[in-house]
Structure formats: C-alpha cells, structure tokens
Amino acid sequence: MSTQTARQHITLSTLNKIRAAGQKFACLTAYDACFTSLMNEASVEVILVGDSLGMVLQGHDSTLPVTMADMVYHTQCVKRANSSSFIMTDMPFMSYSTDKDALENAAALMRAGAGMVKLEGGAWLESSTRLLAERGIPVCVHMGLTPQSINRIGGYLVQGRDPVQAENMVREAVLLQEAGASILLLECVPTALATRITETLNIPVIGIGAGPHTTGQVLVMHDLLGISPIKPKFVKNFLPESDNGIAGAIKAYADAVKNGSFPAPEHCFD
C-alpha cells in the first residue's frame with residue numbers, strides 16, 4: 001500500500017515520502033478534464049501534461065511542433081478537473097534554450113496550474129535547473145531517450161548501453177540533482193543503469209522503458225489503452241485486464257506499478 005490515502009492531494013513531499021518508504025508511485029499523461037478525473041479516482045499520483053500531445057492528439061510525427069500555447073492550454077484543462085494528483089508539465093521544444101526563456105516559460109506553466117516543469121537534456125541543463133529551483137519552480141529532468149532531440153539521436157533508440165555513455169549519464173544525473181532537480185525521468189535505458197542511477201540519487205526517479213526498480217513509472221495514456229499506432233517494447237495495453245472499461249484500465253495500471261508487477265521483464269531493456 002502507498003503511504004497516501006486515495007483522495008489526499010499529492011505533493012512533491014508525498015512523492016519523497018513514497019521513495020523513502022521504498023514504495024512506488026504511478027504517473028500517466030493527461031491532456032483534458034475527463035481523463036484527469038479518471039486518474040484522480042484511480043489514485044494516480046502524478047499527471048504529466050506531456051508534449052506527447054503533439055503526436056497522440058495533434059497527429060504530428062514528433063513532439064517538436066508543440067508550442068507553449070498548447071502546453072499552457074492543456075495544463076489549464078487538467079488543472080480545472082484535478083482534485084488530488086501532482087501535475088507536471090513538459091516545457092516544449094526550444095522553450096528553455098536560454099535562462100530568460102526558461103524562467104518566463106516555466107512561470108507561464110506554473111500559472112496555468114503545473115506543480116513542476118519537465119526539461120529534456122543532460123549536463124547543459126545545470127544552469128537552467130539551478131535558476132528555476134532557486135526561484136521556487138520544481139524541476140524534473142528527463143534523460144536517456146529525449147524525444148525533443150530525436151533528430152540528433154537518429155531515432156527512438158535505447159540510450160546508455162555504451163559504458164562511456166552510461167558513466168556520463170550517472171555523472172550528469174548527480175550534477176543535475178545537485179543543481180536542484182527534484183525528480184529525474186529516465187526513458188529507454190537498460191534496467192541495470194536505471195537501477196544504478198535510482199540507487200545513487202536521493203530524489204525520486206521515474207522510468208519509462210527503464211526497468212522495474214525506479215521509484216515511479218510513467219506511460220502515455222493512449223499507449224495504456226492500446227490505441228496508439230506505435231507500440232514500443234515498454235508499453236502494455238491494460239484495457240483487456242479491465243472489467244470497467246477505461247477507468248478500470250487506468251486503475252489496473254496504477255495498481256500494477258505499485259505492486260511491482262509492471263513493468264515485467266518483457267517491457268525492459270538489457
């Protein structure tokens with residue numbers, strides 16, 4: 001069982017307590033009021049207003065076309081319906097390329113209802129992370145496969161299999177924690193590397209395709225429901241396990257994360 005009751009409002013402090021207790025929490029993307037309410041009912045601790053909306057809602061082939069106006073709008077939609085989950089919002093492509101941009105755009109998302117902003121990158125985010133944290137804006141840093149850098153990476157590829165790259169990721173994760181990051185998110189990295197980073201840091205680590213040993217897990221809602229055209233290895237369709245439609249699938253996912261049955265070995269990378 002998690003340390004929080006079903007209807008308690010989740011805060012960053014709550015997530016740290018879950019980590020300290022050796023428990024797990026669930027995170028899901030949401031972009032509107034209806035799905036936010038379902039996630040509240042299912043005790044999903046963290047709602048991510050993801051720039052994944054560019055692909056699953058807008059029909060783009062990447063997250064790059066998503067704008068700040070898009071993220072503000074969908075954060076507002078989620079905030080209006082939210083009664084208990086902690087809201088984290090992606091800062092879209094090039095919205096934090098300078099410290100000035102990072103401050104102004106993060107402030108806009110916080111005003112829209114976010115409790116935390118998420119930035120993609122590595123050591124180069126140290127300055128922005130420190131600046132935002134000093135100004136009272138909680139930061140999640142997204143490492144590993146970073147979709148906003150897909151053109152540089154060359155595809156949706158597992159990151160950190162090379163020993164040098166793995167060591168760099170560990171070093172950069174520590175650096176960003178020291179700069180003030182409150183959460184780290186790891187996407188598409190080998191289980192052993194994700195485990196090492198999770199054990200090295202003293203902040204919660206959320207995984208997606210990063211094995212079962214991170215503090216939290218996140219999925220794109222459309223993947224959980226089996227309606228995305230692309231089905232990565234780390235995705236599981238929870239709808240067949242539900243006897244209560246979409247609401248039941250969301251609850252099944254949250255329960256599976258907390259009891260440790262998801263992700264299973266078939267959803268992980270060596």
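## Aromatic pairs

Tyrosine 253 counts as buried, because its relative accessibility is 0%, and the cut-off for that class is under 20%. In this predicted model, tyrosine 253 and phenylalanine 262 form an edge-to-face aromatic pair, with 6.0 Å from centre to centre and 65° between the planes. Phenylalanine 262 has a relative accessibility of 3% and therefore counts as buried as well. Ring pairs link these residues further, joining Phe238, Tyr253 and Phe262 into a cluster.

A search of the whole structure finds four aromatic pairs. One of them is formed by tyrosine 96 and tryptophan 124, which are stacked, at 6.0 Å centre to centre and with 10° between the planes. This pair links distant parts of the chain, 28 residues apart: tyrosine 96 lies in the loop between β3 (86-90) and α5, whereas tryptophan 124 lies in the loop between β4 (116-120) and α6. The two rings of the pair fall into opposite classes of accessibility, since tyrosine 96, at 4% relative accessibility, counts as buried, while tryptophan 124, at 53%, counts as exposed.

## Packing of α4 against α5

Two packed helices are described by the angle between their axes and the distance between the axes. For helix α4 (residues 68-81) and helix α5 (residues 99-112), the angle is about 25° and the axes are 8 Å apart. With that angle, α4 is roughly parallel to α5, because angles under 35 degrees are placed in this class. The crossing of α4 and α5 is right-handed.

On the α4 side, the contact is made by Met68, Met71, Val72, Thr75, Gln76 and Lys79, and on the α5 side by Asn105, Ala108, Leu109 and Ala112. Sorted by class, the residues in the contact of α4 with α5 comprise six nonpolar, three polar and one charged. An α-helix has 3.6 residues a turn, so residues three or four places apart point the same way.

## Packing of α6 against α8

Helix α6 (residues 126-134) packs with helix α8 (residues 163-179) at an angle of about 25°, and their axes are 8 Å apart. This angle makes α6 roughly parallel to α8, and α6 passes α8 in a right-handed crossing. The contact is made by Glu126, Thr129, Arg130 and Ala133 of α6, together with Leu175, Leu176, Glu178 and Ala179 of α8. Four of the residues in the contact of α6 with α8 are nonpolar, one is polar and three are charged.

## Buried positions of α9

Helix α9 (residues 191-200) has Thr191, Leu193, Ala194, Thr195, Ile197 and Thr198 as its buried residues. The elements that cover these buried residues of α9 include α8, β6 (183-187) and β7 (205-208). Helix α8 thus appears in two settings, in the contact with α6 and in the cover of α9.

## Surroundings of serine 52

Where along the chain is the place of serine 52? Serine 52 is found in the loop between β2 (46-49) and α3 (53-56). Its relative accessible area is 13%, and serine 52 is therefore buried. When its neighbours within four places in sequence are left aside, serine 52 is in contact with Thr29, Tyr31, Thr63 and Val220.

Note on methods:
Residues are numbered from 1 along each chain as its sequence is written. This is a predicted model: local features need pLDDT of at least 70, side-chain atom pairs count only at pLDDT 80 or more; totals for chains, interfaces and linings use all residues. Side-chain values use heavy atoms; hydrogens and water are left out. Axes are lines fitted to C-alpha atoms, for helices over the stretch in contact, and angles run from 0 to 180 degrees between N-to-C directions. Helices (H or I, at least four residues) and strands (E, at least two) are DSSP runs, numbered from the N terminus. Angles under 35 degrees count as roughly parallel, over 145 as roughly antiparallel, 65 to 115 as roughly perpendicular and the rest as oblique. A crossing is left-handed if the near helix is turned anticlockwise from the far one by less than a right angle, and right-handed if clockwise. Contact means heavy atoms within 4.5 Å. Ala, Val, Leu, Ile, Met, Phe, Trp, Tyr, Cys and Pro count as nonpolar, Asp, Glu, Lys and Arg as charged, and the others, Gly among them, as polar. Buried means under 20% relative accessible area, exposed over 50%, partly exposed in between (1.4 Å probe, protein chains only). Rings of Phe, Tyr and Trp (its six-membered ring) pair if their centres lie within 6.5 Å; planes under 30 degrees apart count as stacked, over 60 as edge-to-face and the rest as tilted.
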